[in-house]
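Hi there,

Here is the structure I promised to pass along. Please have a look at it first, and then read on for what turned up.

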Amino acid sequence: MLTRLYPRLRLQIGFADLIFSLFSGILKQNSQPPPILKQFQQGDKQVLVKLSVRTAFDLLLQALNLPPGSEVLMSAVNIRDMGEIVRRHGLVLVPVEIDFDTLKPDIQQLEALISPQSKILLVAHLFGAVIDIQPLIEVCQKHQILVVEDCAQAFCGESYCGDPQADVSLFSFGSIKSCSALGGAIASIKDSTLAEQIRQIEASYPQRSELWFYRRVLKYCGLKFLSLPVIYQQLIAILLKLKLDPDSTINALTRGFSGGDLMTKIRYRPPQGMRQLLWHRLRSFDNLWFKIREAKARLLIANLSPEIVYPGNQTDFHSFWVFPILADNPDWLIQNLRENGFDATRGNTSLTHFHPHFENSGNYLTPEHLSEKIVYLPLSEALPDEEIVRLAQIVNSFLCKPIPA
Ligand SMILES: *Cc1c(COP(=O)(O)O)cnc(C)c1O
């Protein structure tokens, strides 16, 4: 009989932070900006706080006001909404394939795809890896292409606050992201005129209400409680008994903004409570915490048999926000992991592949990997070492067995 189930994703915000936020209205506020802000500024960049990365990216495209038909070169893998925002601005999304092992965009392909219409490169750091974007920046500078890096999955404390040469760096503190503030994003912007235009456009947005945020904090207090392994085990058992699919139920619960048109949902100014929580989180996070998370991932890797394949196995710098592996029969693996106390999922990051006619002419991260094979293991800094070894052993034993008919 199972007594605990390790959830697919540990919310990276503590009860103490949530309680801080509930009472932040009546507490005396520390108005000093967090020291890490200096790192986001990197000299003289403008640092803006927005409701979300999607809000910031949409604002950027509004400010740039590119002629329709302009091309946005984009990592072929990102969340669906980032592609949707590009299209909603009448721009053409040109996907650049991602190397499976290094998670870097194929630079030769990038060069071949550049045309006089290419105006922006949106490069995504995936799964918590941080790739070196210097070579991409060099290519883009030759063609006057604006380099925007999507660091939504890559915040890992002071180790990386954006490439100093990137035109725009975007960090998300959404509900499932590292150092979560239940929303909020930081945009570091090199061109101060562009930053000012963004500020002006955003000034006309309505503000999300304090009540909206307060309810969100309460909701996450509840979710945090439900994700305690002893409670979570009961929750999943009940969902299964009710014949509800745990995957879709949980993913629906943790979505940043529910239902309705994307653009209407993101075009808001953040409430004061969200800003305060974000400042609080950025003031009090611990760099060591990220080192522990990485060490746990390295321990898992050391115990996985070499046949187990995972994207990003050749990265130079990886903070392991999530840990995906490939499985030929992901549902079977997930079921077996669950029976052994580990809750894995096929898609809690809702990553999508933008290439409609994909041909694997290299060693790329493919649409099939994402839709048919990927399984995110419930790795977290809170898993005891012996549980990580057990997790690796279960994965090894199931992936090396023949698939049942
Ligand atoms: C989460 C995520 C976003 C969106 O971040 P929000 O702050 O929720 O808008 C964008 N890109 C990637 C790669 C993400 O993982």
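Phe15 counts as partly exposed, because its relative accessibility is 33%, and buried would mean under 20% while exposed would mean over 50%. Before going further, please keep in mind that this is a predicted model. Phe15 sits in helix α1, which covers residues 15-22. Phe15 also helps to make a nonpolar surface patch of about 740 Å². Its partners in that patch are Ile19, Phe23, Ile26, Leu27, Phe225, Leu228 and Val230.

Next, the salt bridges. A search of the whole structure turns up 15 of them, and a few deserve a closer look. Side chains of opposite charge can pair when their charged atoms come close.

Let me start with Asp81 and Arg54, whose side chains meet in a salt bridge at 2.7 Å, N to O. Asp81 belongs to helix α4 (residues 80-88) and Arg54 to helix α3 (residues 53-64), so this pair ties together parts that are 27 residues apart in sequence. Asp81 is partly exposed, as its relative accessible area is 21%. Arg54, with a relative accessible area of 18%, is buried; the limit for buried is under 20%.

Helix α3 takes part in another pairing too, through Asp58. The side chains of Arg267 and Asp58 form a salt bridge, again given as 2.7 Å, N to O. Arg267 lies in the loop between α11 (262-266) and α12 (272-284), whereas Asp58 is in helix α3, so the pair ties together parts that are 209 residues apart in sequence. How buried or exposed are the two partners? Arg267 counts as partly exposed at 28% relative accessibility, while Asp58 counts as buried at 0%.

Then there is the bridge between Asp385 and Lys296, where the closest N and O atoms are 2.8 Å apart. Asp385 lies in helix α16 and Lys296 in helix α13, so here the pair ties together parts that are 89 residues apart in sequence. Asp385 is partly exposed, with 42% relative accessibility, and Lys296 is buried, with 13%.

How do those two helices, α13 and α16, cross? The axes of α13 (residues 287-303) and α16 (residues 385-399) come within 9 Å and cross at roughly 40 degrees. That makes α13 oblique to α16, because angles under 35 degrees would count as roughly parallel and those from 65 to 115 as roughly perpendicular. The crossing in which α13 passes α16 is right-handed.

To finish with the salt bridges, Arg8, Arg338 and Asp343 are linked in a network of them.

Two other residues may be handy as landmarks while you turn the model around. Pro356 is in the loop between β10 (351-353) and α15 (367-373). With 65% relative accessibility, Pro356 counts as exposed. Its C-alpha atom is separated by 37 Å from that of Ile13, and these two residues are 343 apart along the chain. Val123, in strand β5 (residues 118-124), is buried, with a relative accessible area of 1%. The C-alpha atoms of Val123 and Leu244 are separated by 36 Å, the residues being 121 apart along the chain.

Happy to talk any of this through whenever it suits you.

Best wishes

Technical notes
Residues are numbered from 1 along each chain as its sequence is written. This is a predicted model: local features need pLDDT of at least 70, side-chain atom pairs count only at pLDDT 80 or more; totals for chains, interfaces and linings use all residues. Side-chain values use heavy atoms; hydrogens and water are left out. Patches are made of residues with over 30% relative accessible area and no salt bridge: like charges are joined within 9 Å, nonpolar side chains (Val, Leu, Ile, Met, Phe, Trp, Tyr) within 5 Å. Accessible areas come from the Shrake-Rupley method with a 1.4 Å probe; for residues, only the protein chains shown count as cover. A salt bridge is a side-chain nitrogen of Lys or Arg within 4 Å of a carboxyl oxygen of Asp or Glu. Helices (H or I, at least four residues) and strands (E, at least two) are DSSP runs, numbered from the N terminus. Buried means under 20% relative accessible area, exposed over 50%, partly exposed in between (1.4 Å probe, protein chains only). Axes are lines fitted to C-alpha atoms, for helices over the stretch in contact, and angles run from 0 to 180 degrees between N-to-C directions. Angles under 35 degrees count as roughly parallel, over 145 as roughly antiparallel, 65 to 115 as roughly perpendicular and the rest as oblique. A crossing is left-handed if the near helix is turned anticlockwise from the far one by less than a right angle, and right-handed if clockwise.
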